[in-house]
Amino acid sequence: MKNGFGVFLAAFIALGLSWCGFVLGPAKQLGAEKQAAVLNSSDTYPLQPTGNATLGLQVYRANGCAACHTEQVRQEGVACEVVLMKYGKNPVATSNFVSTLKLTGLTKDEADAVSDQITAAGGSVETHIVPVGTDIARGWGVRQSVAADFLYDNPVQIGSLRAGPDLANVGARLPDANWQLVHLYEPQAVAKNSAMPPFRFLFEVRKLGDAPSPGALQFPQGFAPAAGCEVVPTPEAKQLAAYLLSLKADAPLYEAPFTPVIAKP
Amino acid sequence: MNRTETTDLSTLEIDASCRVPLLALFGGAALWLVVGLALSLAAIMTFHKTDMFADCPMLTYGHAQAAANDALLYGFCIPAGLGVMLWILARLSHAELVLPLVPVVAANIWHLGVFVGVVAILIGDSTGFAWLEFPRGGSVLLFAAFLLIAISAVATFGQRKERELYPSHWFLLAALFWFPWIYSTANLFLVTHHPVRGVAQAAIDFWFANNLVFVWLALVGLGTAFYFLPILAGRPLQSRYLALFAFWTLILFGTWCGIPQGAPLPAWMPAASAVASSLLIVPLISIAVIACKTVCGASVTCKGGPFCYVKFGTAAFILSGLMLVASACPQICRVTEFTWFGPAQAQLQILGFFAIVICGAIYELLPRVMGFALAFPKFVRIQHWLFMLGILLWAGSLAVGGVEQGIKLNNPQTAFADSTAVALIFLRAGTTGLLFILLGSLLFAANIFAMTIKWKLALLKTVIAYIKSPLENESDRAEAGEVKS
């Protein structure tokens, strides 16, 4: 390169290409994304968060929570799981036969073969799709995070460091609002060995009146505030907790399929 | 002011023309280096005693870490790099700095912008995007200031006497072009009233962060290293063609890196990024060969001076680049992703590579620009040792801690608390390193400020002498004044 124009052209081409790829590409591909259809259901996902959950995202952003928490669950793949639904005419024989088979961690072909065998023996089965991966084994999510999970987030707080656990599905994992608030006020009270700093500035310690204030925190034994005092969350704390409870990445989607397990009553 | 007529400017005059702009840029940069490292230290204190800042929202990890990163990157790296760039461009052009007042004004706007941004982050007004935390008010000031400095830089480049470009030119000019593009893109797509929707935000932020922290710093740092290595080693750059190859491959592949492998984006994006990252090994090897061939065989010993700084910085760049390549490899990424390995790479890039190359360059050029020796010449050697040890300890323990943490994190039978506990040990050990770097930065700031004060005192003396001078020969003085102007 002999002159300034050559350098300009080189930089223009190099940066222009990556700009088209990593700025224009996602803006076109993902920027116009709409709600996705939930598999085997007429529902759409995600629902637009409202009220305190929307405001709570701004508390999350302002306090830089994403510096220590990710909101992305990784998945290494999927496996099939054969679940016996009915024993059929000869329950004991079917049950004995099934107990000799490997039912989890199967490929699609293996699962088909196993279900054929069980059906031949008289039982009836269902094949479930189960995502596998370390994050899922830790219980952080039921499936991998996908683009649809972040549709309504602004700013998207995806995070890049796990000094604390992943929060992609925390609303489904820990659905108790009081637990979330106590955890913010005094993490060690509910999570032993937690390395999270307490966020006491989001709470007010008040003198106890005639009756406890509505919304005052319920502490587990041994962590109660000083006698005659109560801890009341500020609006920011309530918003943050509402946001955390709204984090539920638990819908099966086309790009992240799984068979939802419906808890029996 | 007939520039075309003054055919042979002495280097003294060129250096003198840069004096005020460089002092304005370096003074603020030195201050932000200290502030940024102090904030880093405050941030890491949360890991020593979790409830240290439980009642002080400003210094909690989430606030202080973002403020520290941005103070180092925007407050120190960019203005200090621009200052060195202006001087190199003036020297390579054999011309005085054009419009020297513009960078002075711009430097003040820039540092004001950084101040606005850092305060905004501390009071909870950050944008929430990594490496782009400054809110609109701060970024507009930064953008305007950068353009002003670029005008002066390009005008100086236009004054050059030889048409042929030197390798440093490519790197520095590309950097001048790079920043306005990426910074305006990131701000227009992310920090407006109508940002892009959903996870496209994350993709654009990854692109921006990589292009600033890896590519921009590499362009300026290597442009500086390729100027100073041959001069300090006393032999020409080995070779020009290899440097051209390194430049092309660096900008071509480097700009596509930075999308993490596990990100919830369409699969082609992490895949493209992984390919580009593995190809990045090509420019890294070329740069290593250039540096080795230029330095080896030099009869100069460095003794902790600027030569040592630039050598160490270049080596740190290769290492940081290799860490980037490694963390894009799917097998390694599974362990290192979401661990302290990523911050280790960023710290090595910013402090180990860029800060040390630029500090070395400033120690080399400042005495020339000011026209007198460094105020505390002994500090140069001490700072070199403090920085070197500090970076090895700080980035090293973060990286090793990150790998340990990743191994535990990847075993679902291990409790999550174990993975944080193992990282804590390394974080605490690394704090010593951070302290060393902070001490070194204090020495750097002391030198810069002492030089500024010395110069201001000399200026004051001249003015006083001028005021005190006898008034008898009024007409003679007027004549002398005319000749001077």
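This passage describes the aromatic contacts of a predicted model and the interface between its chains A and B.

A good place to start is with the aromatic rings. Across all chains, a search of the whole structure gives 39 aromatic pairs. One of them joins Tyr74(B) to Tyr183(B), with 5.9 Å from centre to centre and an angle of 55° between the planes, a tilted arrangement. Tyr74(B) belongs to helix H2 (residues 61–93) of chain B and Tyr183(B) to helix H5 (residues 167–190) of chain B, so this pair ties together parts that lie 109 residues apart in sequence. Both partners are hidden from solvent by the usual criterion of under 20% relative accessible area: Tyr74(B) is buried at 1%, and Tyr183(B) is likewise counted as buried at 1%.

Tyr183(B) also takes part in a pair with Phe208(B), where the ring centres are 6.0 Å apart and the planes stand at 40°, so this pair too is tilted. Here again distant parts of the chain are linked, since Tyr183(B) sits in helix H5 of chain B while Phe208(B) sits in helix H6 (residues 200–233) of chain B, 25 residues away. Phe208(B) is buried, its relative accessible area being 0%. Stepping back from the individual pairs, a cluster comes into view: ring pairs connect Tyr74(B), Trp110(B), Phe134(B), Phe146(B), Phe179(B), Tyr183(B), Phe208(B) and Trp216(B).

Aromatic rings of chain B also meet positive charges. The charged end of Arg160(B) is placed over the ring of Phe157(B), at 4.2 Å from the ring centre. In another such contact, Lys311(B) lies over the face of Phe307(B), with 4.6 Å to the centre of the ring.

Turning to the interface, 65 residues of chain A and 82 residues of chain B take part in the contact. About 6,200 Å² of area is buried between chain A and chain B, and carbon and sulfur atoms give 68% of it. Polar and charged interactions are present as well. Between the two chains there are 21 residue pairs in polar contact, counting pairs with both residues at pLDDT 80 or more. Two salt bridges are found between chain A and chain B, including one in which the side chains of Asp55(B) and Arg200(A) meet at 3.8 Å, N to O. On the side of chain A that touches chain B, helix H1 (4–31), helix H2 (51–62) and helix H5 (134–137) of chain A each supply at least two residues. H1(A) provides the largest share of that side, with 20 residues.

Definitions and conventions
Residues are numbered from 1 along each chain as its sequence is written. Chains are lettered from A and ligands numbered from 1 in the order in which they are written. This is a predicted model: local features need pLDDT of at least 70, side-chain atom pairs count only at pLDDT 80 or more; totals for chains, interfaces and linings use all residues. Side-chain values use heavy atoms; hydrogens and water are left out. Rings of Phe, Tyr and Trp (its six-membered ring) pair if their centres lie within 6.5 Å; planes under 30 degrees apart count as stacked, over 60 as edge-to-face and the rest as tilted. Helices (H or I, at least four residues) and strands (E, at least two) are DSSP runs, numbered from the N terminus. Buried means under 20% relative accessible area, exposed over 50%, partly exposed in between (1.4 Å probe, protein chains only). A charge sits over a ring if NZ of Lys or CZ of Arg is within 6 Å of the ring centre and within 35 degrees of the ring normal. Contact means heavy atoms within 4.5 Å. Buried area is the accessible area (1.4 Å probe) that two parts lose on being put together, summed over both. A salt bridge is a side-chain nitrogen of Lys or Arg within 4 Å of a carboxyl oxygen of Asp or Glu. A polar contact is a pair of N or O atoms within 3.5 Å; within protein, one must be able to donate a hydrogen and the other to accept it, and residues adjacent in sequence count only if both atoms are side-chain atoms.
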